[in-house]
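Hi,

Here is the structure I promised to pass on. Could you have a look at the aromatic side chains when you get a moment? My notes are underneath.

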Amino acid sequence: MSQEIRPESAPAGAQERRLHPVTPLRRAWAPIAVVIGWAVHDPDQVQRHATRLTTTTLVAGLAVLLPAAALYGFLTWWVTRFAVTETELRIRTGLLFRRTAHIRLERIQAIDVTQPMLARLLGVAKLKLDVIGTEDRDELAYLSLGEARALRAELLALAAGFAPEEAHEVGEAPSRELVRVPPRVLALSLLLTGATWAMLIAATVVPTVLWWATDNLWTVAASSLPLLGAAVASSVGRFVGEYDWTLAESPDGLRIDHGLLDRAHETVPPGRVQAVRLVEPLLWRRLGWVRVELDVAGSSNSLLLPVAPREIAVSVVSRVLPGAIVPGPAHLTPPPPRAARRLPVWWRGHGLAVVGGVFAARHGLLKRTLSLVPHAKVQSVRLTQGPWRRALRLADVHVDTGANTTVSARLRDAAEAADLLHTQAERSRTGRRDALPDRWMA
């Protein structure tokens, strides 16, 4: 459990708390990491020094290093405190140089609870916060799992406009499970991913060519092992990270739980999604599977579903983007046939639809990606036309979102693109005017 203290510098009503007592174990690694970093940076010098070390010197060095690391961990834990007020979360850190972070509650985009494997064994968790206007995520590590969830619920309640005395009693909002990805489906989807097969083919073809060219076993091993390892690590790493992927619905957004070793509890905040992408690799289409990705302003959460049947994915998208319609292939308008002179064969993978309150653009022939941008989330609209496109009377229309991403409708007829430029700008103005406020638990 964390400890509550009220130093004289704390404002009235703001109880400062410390992190879980297990935290010094995590921070004690910092001095040891410095030694390891020096060893990696200059291994020759380390080796020369190591040969001159006696057993007595080594034991004496460890006798100094380990207590120093433990003391450093304890002191950094002792001076780190946090407090919750009506309007902000305040985090004070720093052993030599003090740093105080004032995180305004209305600027919080997402609050996630994560548990690395060791933290799961100890019953503690990290609280990670995505805040508008910052690239680095502030975090509180570690808290007990129960306290992390309670603090997350309190922060969300305050951000939603609850009074401080009510925020403590609101508790974690109930959730209803929508989708759970079976491990066998996840494993099969990874086996049917083109990137995995490309790496495996490369791991087979490259060593064969090198053996034929050099007849050197060491050269073959040096080239094949990294390629094979990369293919296995990519697939296994994704399987471990996306294992037991569960998507649930709650008043504070869509909740995502996943991970075999490191368990993560993330939230897709309501109204903050800037764009949604439905990705269909070639080998998934016969099974009707898609991958759903997100662009969320100020948040690192970018995956909603690793794999799911298309009809389930469409129903989930309707919860992320209320009122949005996901157009099917028949509803997407392809580029004019003369676009084949600009992009042979691959032009057939492009399409455009403006329906159901979204700007929808598709690209890709083997790996199709359908991007959906709500009109209210469009920050700017641009038309680009190079010399070749101008000669073919073609143009590209780009819409920029609040997540610093761009969705493009490529190879459109020039007259259609010019009309789309003006009508989309008007749709965006109307959408922003009529959009509901982005509030937690609204």
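The search for aromatic pairs in this predicted model came back with five of them. One of these is Phe74 with Trp77, a tilted pair with 5.7 Å between the ring centres and 45° between the planes. Both residues belong to helix α4 (residues 55-79), and they are three residues apart there, so about one helical turn separates them. How much of each side is accessible? Phe74 is partly exposed, at 39% relative accessibility, whereas Trp77 is buried, with a relative accessible area of 6%.

Another pair is Phe239 with Tyr243. That one is edge-to-face, 5.7 Å centre to centre, and the planes make an angle of 65°. Phe239 comes out as partly exposed at 23% relative accessibility, and Tyr243 is also partly exposed, at 26%. The cut-off for buried is under 20%, so neither Phe239 nor Tyr243 falls into that class.

Back to Trp77, since there is a bit more to see around it. Which residues does it share a cluster with? Ring pairs join Trp77 to Phe74 and Trp78.

Then there is Arg18, which you may want to bring up on screen together with the two tryptophans. Its charged end sits over the ring of Trp77, 6.0 Å from the centre of that ring. Arg18 also lies over the face of Trp78, where the distance to the ring centre is 3.6 Å. So the cluster of Phe74, Trp77 and Trp78 has Arg18 over the rings of Trp77 and Trp78.

Cheers

Definitions and conventions:
Residues numbered from 1 in each chain as written. Predicted model: local features only at pLDDT ≥ 70, side-chain atom pairs only at ≥ 80, totals over all residues. Heavy atoms only, no water. Phe/Tyr/Trp six-rings, centres within 6.5 Å; stacked < 30°, edge-to-face > 60°. Helix = DSSP H or I, 4+ residues; strand = E, 2+ residues; numbered from the N terminus. Buried < 20%, exposed > 50% of the residue type's maximum accessible area, 1.4 Å probe, protein only. Lys NZ or Arg CZ within 6 Å of the ring centre and 35° of its normal.
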